[in-house]
Amino acid sequence: MSATETTPAAGRPDAADAAPALDVAQLTVRYGDVCALEDVSLSVGPGRICGLLGANGSGKSSLLTAIMGLTAADTGGVAILGAGPAAARKRGLVGYVPQAEQVDWAFPVRVADVVMMGRYGRMGPTRRPRRADRAAVGAALERTGLTGLAHRRIGALSGGQRKRVFVARGIAQGARVFLLDEPFAGVDRASEATITAVLSAMRDEGHTLLVSTHDLVGVGALCDEAALLQRRLLAHGPPGEVLTPERLMEAFGIVPPTGGGPG
Ligand SMILES: Nc1ncnc2c1ncn2[C@@H]1O[C@H](COP(=O)(O)OP(=O)(O)OP(=O)(O)O)[C@@H](O)[C@H]1O
């Protein structure tokens with residue numbers, strides 16, 4: 001069992017009142033000599049969107065991939081609805097929208113095929129889709145505004161459409177917790193509006209979303225809470241309390257524009 005497979009102890013002083021859907025406890029991740037995350041603890045409750053902010057290299061992607069169990073943790077634990085990362089993936093509890101660079105867009109696969117991958121955990125070894133699988137994929141495509149693009153190759157999509165494909169995969173999968181790595185980066189306005197609407201609706205349905213973003217202006221509008229990362233977790237709470245000029249200076253070395261104050 002890897003360090004990320006352990007479940008954090010219940011009753012930690014920083015635990016949310018409601019049982020957290022996502023619970024990261026004292027997570028440390030190293031790549032050789034580089035310490036990407038140090039002793040990070042973060043809990044996010046059901047029906048919450050948490051914006052994950054930090055400068056380039058602050059560890060945002062490492063946190064998301066460690067939660068997924070794709071990056072090994074040195075120490076610490078992750079629980080997704082009480083399950084470790086591997087079990088949560090196997091049970092389809094967690095959906096992951098990777099950064100664009102992490103995907104081979106030349107791979108000859110169509111939009112509906114990628115979304116159908118979200119159903120693989122429910123299919124037998126033959127991976128033959130049943131009616132329920134096709135219906136779930138159709139509903140996820142419709143919800144993300146991709147119905148008309150179902151048969152298009154993913155390599156032919158715009159940046160925003162690509163992000164929506166992975167959101168649709170998580171929806172088809174029936175995930176309860178979503179990890180999104182910069183879903184608004186390189187995204188056109190129409191896709192940004194669609195993604196924002198879909199994420200907000202998912203939150204309203206009780207899903208839990210951890211969204212890494214550079215968009216300080218958008219955080220206050222979309223997110224219920226913000227987490228500021230700089231290898232360590234600098235702050236976590238309501239956006240208006242977390243994104244203070246002092247903390248932004250600490251995290252970014254400058255005070256980036258926040259559009260008149262988030263939250
Ligand atoms: N596979 C890897 N091997 C070695 N070092 C890595 C690896 N992945 C990330 N790092 C290093 O770990 C640190 C955190 O990187 P990470 O990508 O998690 O940060 P980030 O906040 O997501 O950055 P960005 O906003 O630029 O995507 C950085 O110093 C980075 O260079």
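**Ligand shell and two positive phi angles**

User: Which elements of this predicted model each supply at least two residues of the shell around the ligand?
Analyst: Strand 2 (34–44) and helix 1 (60–68) each do so. Helix 1 gives the largest share, three residues.

User: Which residues make up that shell?
Analyst: The ligand is surrounded by Tyr-31, Val-34, Ala-36, Gly-54, Asn-56, Gly-57, Ser-58, Gly-59, Lys-60, Ser-61 and Ser-62. A residue is counted as near the ligand if its C-beta atom, placed from the backbone, lies within 6 Å.

User: How many residues of each class does the shell have?
Analyst: Three are nonpolar, seven are polar and one is charged. Glycine counts as polar in this scheme.

User: Why is Gln-26 called partly exposed?
Analyst: Gln-26 has 16 other C-beta atoms within 10 Å. Buried takes 20 or more and exposed takes 12 or fewer, so with 16 Gln-26 is partly exposed. Gln-26 is found in strand 1 (residues 22–31).

User: What is notable in the phi of Gln-26?
Analyst: Phi of Gln-26 is near 50°, which is positive although the residue is not glycine.

User: Where does Arg-231 lie, and what is its phi?
Analyst: Arg-231 sits in the loop between strand 8 (225–230) and strand 9 (232–237). Its phi is near 70°, again a positive value in a residue other than glycine.

User: What makes Arg-231 partly exposed?
Analyst: Arg-231 has 19 other C-beta atoms within 10 Å. The buried class begins at 20 and the exposed class ends at 12, therefore 19 places Arg-231 in the partly exposed class.

Note on methods
Residues numbered from 1 in each chain as written. Predicted model: local features only at pLDDT ≥ 70, side-chain atom pairs only at ≥ 80, totals over all residues. Helix = DSSP H or I, 4+ residues; strand = E, 2+ residues; numbered from the N terminus.
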